[in-house]
Each structure stands twice: as structure tokens, then as C-alpha cells.
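Me: I've got a model open and want a quick tour before I get back to the bench. Can you take my questions as they come?

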Amino acid sequence: MSNIINAFKNGKAFIPFITCGDPNIETTVKIVHALQDNGADLIELGIPFSDPTAEGPVIQEASLRALTAGTTTDKIFDMVVRLRFEGITVPMVFMTYANVVFSYGSERFISRCQEIGIDGLILPDIPFEEKEEFLDICTKYDVDLISLVAPTSSERIAMIAKEAKGFIYVVSSLGVTGTRSTITTDIGALTSAIRAVTDVPCAIGFGISGPEQAAKMAANSDGVIVGSAIVKIIAKYGEDAASYVGEFARSIKDAIN
């Protein structure tokens, strides 16, 4: 069974997202430790890409900073090896784009994920109907290919959810990532439709800006994903960001439980 299930065993799961290498690899290492120390149950590691189509300006700028700093996929793989050696035990998943995996070599990339202790892979630019070319390799190497369900997926929720592995990434709002003052999607209806066909946990992401919003989203799901709000803190504090990210992470974890 996937290690990802452990993220959902102790109450609502807090899943932070960060862009690897922003502002540099060494700072990312410190931030991952701060996240685990402050209640993160699973960590999404973004592999920077030059054209991140699902991302808003906050994460686009983080990708640019990371790439400018010389971050590469191989350096991120080496970083994960170091993190596991240093005692990071929470599940970790990569979030990136199909072209990053293709250009590295899909089997080479996914087999390396298994070797270093990456538990899942999120590819937001791959539609459900085109996932097979990745799914077979992920299955071979016991890496969960995470499914996304959007507010527009209503006709396809059952189909997507039935085949889901690890957890289901519920997209709270249409458009790109970024914090939002309000989330108007009927999250309860969306998660109820998912739970009618699967026991795979569902976590809500896109737009969660702080503890109060996180608590509301957690009430209708098994966990919350927070990205842009954390990346903003990293952008503000740079190499000194780890302690500030840790404080924010603790506020989210406390709020959802």
C-alpha cells in the first residue's frame, strides 16, 4: 500500500507545496524540515518548469527564481536523497509538468522517484484520458499518479475517482493557482460525489490563503493543500524563510484540527 495513506491517518491532512530551489536548494532543505516539524503530513515538491500553465504569478515567479539559481531535476533528486537521510519521514510527492518527465525520460524519472523515496507524482497538464502512458510506469514502480478533480469535472468524477491512487487533488476554483479571498465552489457537493465511489482520501487545493479558509475547506474534505500562501512567504524572506514558513504551517495545522 502507498505510503501516502499515512498522511491521512491522524486527522485532517495538511499538505504544503513549495517550489524546489526557490531561492536555492539549501533553503528548500531547511523549509522541508520546518514543514515536517510543524505538522505537515505530506509535502508537495514542485519541480520548476519554464512554462507552468496551471500556476498563477506567485508560483511562476518562484519557478523562475529556482531556474535562475541553477536548479535542475537531478539536483532535486539529490536533495530528496539528502532529506530522507536527514530524517524526513513524511510522504513526499513531485508536482511538475509532463514535459519535465518526458525530457528526462519517463521510465528513468519515475524509477528514480521510487529509488529515492518519492511517493507520488502530480502532472496537472495531463488530462485523465491521456494518463495511461504515465500510469503504467507509475504502477510498475509503485509511485502513485495523483488524479485531479475540478469543479468542471462533474460528469467525469466517478470515472476519475474510481481509478485514483494515493489521494485525489480537488481543485477548489477554476483558473490558475493563487490565494483567493473567497472560494465559491460547492466543495461539499464535489467531495460527496467523490466519496460515493471511492475511499481514496480527497484534499482540496488552489486558493487557500490562511488558517480560517483552510478550516472551512477541511470540514468538507480529508485534507488541505496550501501552496501560493507559502511561496509568498518564501519570496518575502528568501534564505531566512524557513522559520516563518514553519510558523505559518503550524497555524494551518492547528486550524484544520
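Me: Which residues have the most contacts inside the largest nonpolar core?
Reply: L45, M92, F94, F109, I110, L121 and I168. That core has 72 residues. A nonpolar core here is a set of buried Ala, Val, Leu, Ile, Met, Phe, Trp, Tyr and Cys residues joined through side-chain atoms within 4.5 Å. Buried means under 20% relative accessible area, exposed over 50%, and partly exposed in between, with a 1.4 Å probe and protein chains only.

Me: Which helix gives the largest share of this core?
Reply: Helix 11, residues 241–256, with 7 residues. Helices (H or I, at least four residues) and strands (E, at least two) are DSSP runs, numbered from the N terminus.

Me: Is there a second core, and what does it include?
Reply: A separate core of 22 residues includes F8, I59, A62 and V231.

Me: Before I trust this, what kind of model is it?
Reply: It is a predicted model, where local features need pLDDT of at least 70 and side-chain atom pairs count only at pLDDT 80 or more, while totals for chains, interfaces and linings use all residues. Residues are numbered from 1 along each chain as its sequence is written, and side-chain values use heavy atoms, with hydrogens and water left out.

Me: Back to I168. What is I168 in contact with, leaving aside neighbours within four places in sequence?
Reply: S147, V149, A161, I194, T198, V200, P201, C202 and A203. Contact means heavy atoms within 4.5 Å.

Me: OK, the sheet. What's the strand order?
Reply: The order is 5-4-3-2-1-9-8-7-6. The sheet is open, has 9 strands and pairs in parallel. Two strands pair if DSSP finds at least two bridges between them.

Me: Which are the edge strands?
Reply: Strand 5 (144–145) and strand 6 (147–149). Each pairs on one side only. Strand 5 is joined to strand 4 (residues 120–122) by 2 bridges. Within that pairing, L121 has L145 as its bridge partner. L121 is also among the residues with the most contacts in the largest core.

Me: What packs on the sheet?
Reply: Helix 8 (residues 187–195) does, touching strand 6, strand 7 (168–171) and strand 8 (202–205). Its direction makes about 150° with that of strand 8. Helix 10 (residues 228–237) lies across strand 1 (13–19) and strand 9 (223–226), at about 45° to strand 1. Axes are lines fitted to C-alpha atoms, for helices over the stretch in contact, and angles run from 0 to 180 degrees between N-to-C directions.

Me: Strand 8 keeps coming up. Which way do its residues point?
Reply: C202 and I204 point one way, A203 and G205 the other. All are buried. In a regular strand the side chains alternate between the two faces of the sheet.

Me: And what does I204 sit across from?
Reply: V170 stands opposite I204, and strands 7 and 8 are joined by 4 bridges. In strand 9, the partner of I204 is V224. Strands 8 and 9 pair over 2 bridges, in the parallel sense.

Me: Switching to charges. How many salt bridges does the structure hold?
Reply: 13. A salt bridge is a side-chain nitrogen of Lys or Arg within 4 Å of a carboxyl oxygen of Asp or Glu. One of them pairs E26 with R82, at 2.8 Å, N to O. E26 lies in helix 1 (residues 25–37) and R82 in helix 3 (residues 73–85), so the pair ties together parts 56 residues apart in sequence.

Me: Are E26 and R82 buried or partly exposed?
Reply: E26 is partly exposed at 39% relative accessible area. R82 is partly exposed too, at 31%.

Me: What about K253 and D41?
Reply: Their side chains meet at 2.7 Å, N to O. K253 lies in helix 11 and D41 in the loop between helix 1 and strand 2 (43–46), so the link spans 212 residues in sequence. K253 is buried at 11%, and D41 is buried at 14%.

Me: Last topic, cysteines. How many disulfides?
Reply: 0. A disulfide is a pair of cysteine sulfur atoms within 2.5 Å. For C20, the nearest cysteine sulfur is that of C113, 11 Å away. For C113, the nearest is that of C138, at 7.7 Å.

Me: Are C20 and C113 buried or exposed?
Reply: C20 is buried, at 0% relative accessibility. C113 is buried, also at 0%.
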